[in-house]
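User: Please take a close look at one part of this model. Start with a single side chain and work outward from there.

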Amino acid sequence: TLQRPLIPSPSIATCQNLTFAQVKTMLLALYADGSPDENAVKGKFDNMEHHFTNTGSIATAQQRAWDIAEYTLEARDSGKLPGVTNQQIADVLNAIFCLVGLNPLFGPNRFLIFPSDGAQILKTTDGFAGVSIPPNNVTVPTLLTITELTSPPPLDTKLDVYPLFYDFEITNPSGAGSWVNSVIVGVCPPQDLDADVMANLL
């Protein structure tokens, strides 16, 4: 399985000041001029823009954005984007996702999982939460997002509730994602938790 390391949060945090034309130029700059891959990804982008701006089919445009991401990452993994950095790819794909109303694809605590991926353990940048995922555990490219919560979520329990709190979400081109097999989720207690309470939790 080709390794796809978590790409750092890109410098493009928002696409509010970017147009489709500008992002298209950024995308095509990743590819060799006039190459079949450049022409293919250009067609995908034009199709995405058409559905978003002309037909009003936002869901289809979002699916095309996922197609562009998968195509570009596969091109990177197969060596078709020489000299292009992961940061450049992250900036472009995040901008594309933003244009069609999707959350950023890359950034802290965001992990892109492919059907061909082997078993892996994905952790947050602070190391306090993570997921152990079996091999080949999604059927389509899937984005795992782990978000720390500042307050406890509503839990149907009579037991005491202690921090830390995290939200784990998976999405794919169709919307909400799903696992092929169950995963193991882990969250660490805070270091300043009372020792007696800690003993009962571990």
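Analyst: E38 is buried (under 20% relative accessible area with a 1.4 Å probe, protein chains only; over 50% is exposed, in between partly exposed). Yet E38 has no salt bridge (a Lys or Arg side-chain nitrogen within 4 Å of an Asp or Glu carboxyl oxygen). The nearest side chain of opposite charge is K42, 8.8 Å away (Lys and Arg count as positive, Asp and Glu as negative; His and chain ends are not counted).

This is a predicted model: local features need pLDDT of at least 70, side-chain atom pairs count only at pLDDT 80 or more, and totals for chains, interfaces and linings use all residues. Residues are numbered from 1 along each chain as its sequence is written, and side-chain values use heavy atoms, without hydrogens and water.

E38 sits in helix α2, residues 36–55 (a DSSP run of H or I, at least four residues; strands are E, at least two; both numbered from the N terminus). Leaving out residues up to four places away in sequence, E38 touches L28, Y31, A32 and D33 (heavy atoms within 4.5 Å).

Now follow α2 to α4. Helix α2 helps cover the buried residues of α4, as do α1 (20–28) and α3 (58–77). Ten of the 14 residues of α4 are buried. Among them are I89, D91, N94 and F97. Helix α4 spans residues 86–99, and its end C-alpha atoms lie 20 Å apart. That agrees with the expected 20 Å, because the span is taken as 1.5 Å times one less than the number of residues. After α4 comes G101, with a positive phi near 85°.
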